[in-house]
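Reader: I would be grateful for a close look at a single part of this structure, with its surroundings described in connected form.

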Amino acid sequence: MNDTLKTLAELGLGSRLNRLSGQLMKEIQLVYAAKGIDFDPYLFPIFKIIIDSEMVTTSHIQGGLRYSQPAITQALQKLMQKDLVAFKSDRTDKRKKLYYLTERGEEVHQKMLPLWKAMDTQVKELTHFPSSSLLDHISQLEASLAERELSKRILENIKE
């Protein structure tokens, strides 16, 4: 069957990127599930900023990711529901919340490290090749993912 989004060329770029993003998130979710980790890949950027910063405000997260305040708040709520992140009020400004990893968040982070390394390696292998345009690059990436799922590539290369 013909891929309609491909036939739209540059006009379909946003739709193809959205489809590719959804596919990648689904594949990463499969990796987390296979390793018994209850984690939503969409939470990764905020979780990683908190890991790297130790204590962080929503303003800092927003500045780093350029996400909307409601999206950040929603992600932080999900991370807190999973007991991965908590907050405390700033001593000098009680209105300001400082987010940090919980003990469980640190345990999950440690479990994720080998996964992230394998993910990084596999995504680099899938995306580092010469191409003449962004659309060509996307087409080659889509073809590689159709040939063999990202989740299988990652799971076969995890070094724990």
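**Helix α3 and its aromatic surroundings**

Author: In this predicted model, helix α3 is followed by E54, a residue with a positive phi, near 70°. The helix itself spans residues 44-53, and its buried residues are I46, F47, I49, I50 and I51. These buried residues pack against several other elements: the helices α4 (58-65), α5 (69-81) and α6 (103-127), together with the strands β1 (85-89) and β2 (97-101).

The aromatic residues deserve separate treatment. Across the whole structure, a search finds 5 aromatic pairs. One of them joins Y32 and F39 in an edge-to-face arrangement, with 5.4 Å from centre to centre and 80° between the planes. Y32 counts as buried because its relative accessible area is 1%, which is under 20%. The same reasoning applies to F39, which is buried because its relative accessibility is 1%. F39 also forms an aromatic pair with F47; this pair is tilted, at 5.2 Å centre to centre and 50° between the planes. Both F39 and F47 are buried, and F47 is one of the buried residues of α3 listed above. Ring pairs further link Y32, F39, F44, F47 and W116 into a cluster. Within that cluster, F44 and F47 lie in the residue range of α3, while W116 falls within the range of α6.

A different kind of ring contact involves the strands against which α3 packs. K97 lies over the face of F87, at 4.5 Å from the ring centre. F87 falls within the range of β1 and K97 within that of β2.

Conventions:
Residues numbered from 1 in each chain as written. Predicted model: local features only at pLDDT ≥ 70, side-chain atom pairs only at ≥ 80, totals over all residues. Heavy atoms only, no water. Phe/Tyr/Trp six-rings, centres within 6.5 Å; stacked < 30°, edge-to-face > 60°. Buried < 20%, exposed > 50% of the residue type's maximum accessible area, 1.4 Å probe, protein only. Lys NZ or Arg CZ within 6 Å of the ring centre and 35° of its normal. Helix = DSSP H or I, 4+ residues; strand = E, 2+ residues; numbered from the N terminus. Contact = heavy atoms within 4.5 Å.
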